[in-house]
Amino acid sequence: MKRAALYVIAGPVGIAAYGLVRLWGKSDGVYGPGFDWQAAHLVALAGMVFFVPGVLTLARLLPPSPWRTGVVVLTLVGLAATMVQFGADIVEGLLAEDRAEMSALSADFKDIPGVEVAFYDVVPQLFFLGLVVLAGMLAAKRRLPWWSAPLLLVGIVLPVVTLDLLPIGGLCMLVALSPALRTVARQDERATSPVAVH
C-alpha cells in the first residue's frame, strides 16, 4: 500500500487500538497509572500523529479553495490540542504513584487558566468537527460515498456515550474513510510515475 493511503487508515486504526488496549488495561479492575495506561495513551497519541498526514492527504483530493484551507486548519488545530491532552495524560501517569495522585495532577493542570478550554472542552472538538466537514466536502465531490460523513459522525459520537465503545468508534471511522483509498492510491501513482521523454 502506498504511504499516503496508509496515512488515511492509520489514524482510525490508532483510535481502535487505543480502545482495545484501554479495555485490556481495565480488565483487572486497575487502570492507571502503570504500563497499561501508558501503552493505551501512547497508541492513542500515535494515532493522532498519523491523522495529520491523513487529513492533508484527504484534503488534496479536493480542489484548492479557501474553504478547504479553513477546514484543514481547523482540523489540525483541534488535532494539536488533542495531542497535548494525551501528552499531559502520559506525563501525569509517569509522575503519579496511584490513581488518586494522577487525578490530582490532572486537576492541577486543568486549573491553569485557559487549559481546560484549549486542551479538553472546546478546541479538541474542532478536530472531529473538521474531519466530518472534510468528509462531507469529499462526498459532495464524489471522492467519498454519501454515507461516509454520517458513519464518521457515528464513530465520533459513540465514545462520547462511553469510552468502552472506542474500538467500534475507530472501526466506524476506518470504514467511513477507506473508500478514499483507491483515489488516494491513484493520485499517489500519478505523482510518482516517471514523465515520458519524447
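Tutor: Welcome! Before we start, a pocket here is an open set of grid points with protein on both sides within 12 Å along at least five of seven lines, and its lining residues have an atom within 4 Å of a point. Please keep in mind that this is a predicted model.

Student: Thanks! Which residues lie nearest the centre of the largest pocket?

Tutor: The largest pocket has a volume of about 840 Å³. Its lining is made of 30 residues. Those that lie nearest the centre are Tyr18, Gln85, Phe86, Asp89 and Leu163.

Student: Which elements give two or more residues to the lining of the largest pocket?

Tutor: We have just seen that 30 residues line this pocket. The elements that each give two or more of them are helix H1 (3-26), helix H2 (35-59), helix H3 (66-95), helix H4 (99-110), helix H5 (115-121), H6, H7 and helix H8 (166-177).

Student: Where does UniProt list a "transmembrane region"?

Tutor: The entry is an unreviewed one, and the label comes from that record. For "transmembrane region", UniProt lists residues 5-25, 37-59, 71-88, 117-139 and 151-177.

Student: How far apart are the end C-alpha atoms over residues 71-88?

Tutor: UniProt includes residues 71-88 under "transmembrane region". In the model, the chain there is 100% helix and 0% strand. The end C-alpha atoms of residues 71-88 are separated by 26 Å.

Student: And what percentage of the chain is helix over residues 117-139?

Tutor: Residues 117-139 are also listed by UniProt under "transmembrane region". Their end C-alpha atoms are 31 Å apart, and strand makes up 0%. The share of helix is 87%.

Student: Let's turn to charged side chains. How many salt bridges does a search of the whole structure find?

Tutor: One salt bridge pairs Arg22 with Asp164, with the closest N and O atoms 2.8 Å apart. Lys26 and Asp164 also meet in a salt bridge, at 3.0 Å from N to O. Arg22, Lys26 and Asp164 are linked in a network. For the whole structure, the search gives a count of two.

Student: How many residues apart are Arg22 and Asp164?

Tutor: Arg22 forms a salt bridge with Asp164. This pair links distant parts of the chain, with Arg22 in helix H1 and Asp164 in the loop between H7 and H8. Along the chain, the two are separated by 142 residues.

Student: Is Arg22 buried or exposed?

Tutor: The cut-off to remember is that buried means under 20% relative accessible area. Arg22 has a relative accessible area of 11%, so the residue counts as buried.

Student: What about Lys26: which parts does its pair with Asp164 tie together, and how far apart are they in sequence?

Tutor: Lys26 is partly exposed because its relative accessible area is 33%, and Asp164 is partly exposed because its value is 32%. Lys26 and Asp164 meet in a salt bridge. Lys26 lies in helix H1 and Asp164 in the loop between H7 and H8, so the parts tied together are distant in sequence by 138 residues.

Student: Which residues make the nonpolar surface patch of about 450 Å²?

Tutor: Let's start with Trp146, which lies in the loop between helix H6 (125-140) and helix H7 (148-161). Its relative accessibility is 70%, so Trp146 counts as exposed. The patch is made by Trp146, Trp147, Leu171 and Val175.

Student: Where is Arg142, the residue whose phi is near 60°?

Tutor: A phi near 60° is a positive value, here in a residue other than glycine. Arg142 counts as exposed because its relative accessibility is 77%. Arg142 sits in the loop between H6 and H7.

Student: Which residues does the cis peptide bond with omega of about -10° join?

Tutor: One of the two partners, Pro33, is found in the loop between H1 and H2. The cis bond, with omega of about -10°, joins Gly32 and Pro33.

Student: Last one! What separates the C-alpha atoms of Val184 and Leu61?

Tutor: Val184 has its place in helix H9 (residues 181-192). With 1% relative accessibility, Val184 counts as buried. Val184 and Leu61 are 123 residues apart along the chain, and their C-alpha atoms are separated by 7.4 Å.

Notes. Residues are numbered from 1 along each chain as its sequence is written. This is a predicted model: local features need pLDDT of at least 70, side-chain atom pairs count only at pLDDT 80 or more; totals for chains, interfaces and linings use all residues. Side-chain values use heavy atoms; hydrogens and water are left out. UniProt positions are given in the numbering used here, feature names are shortened, and annotations may be inferred rather than shown by experiment. Helices (H or I, at least four residues) and strands (E, at least two) are DSSP runs, numbered from the N terminus. Patches are made of residues with over 30% relative accessible area and no salt bridge: like charges are joined within 9 Å, nonpolar side chains (Val, Leu, Ile, Met, Phe, Trp, Tyr) within 5 Å. Accessible areas come from the Shrake-Rupley method with a 1.4 Å probe; for residues, only the protein chains shown count as cover. A salt bridge is a side-chain nitrogen of Lys or Arg within 4 Å of a carboxyl oxygen of Asp or Glu. Buried means under 20% relative accessible area, exposed over 50%, partly exposed in between (1.4 Å probe, protein chains only). On a 1 Å grid over the protein atoms alone, a cavity is a set of points where a 1.4 Å probe fits but cannot get out, and a pocket is an open set with protein on both sides within 12 Å along at least five of seven lines; lining residues have an atom within 4 Å of a point. Grid points are joined across faces, edges and corners, and a volume is the space filled by probe spheres set on the points.
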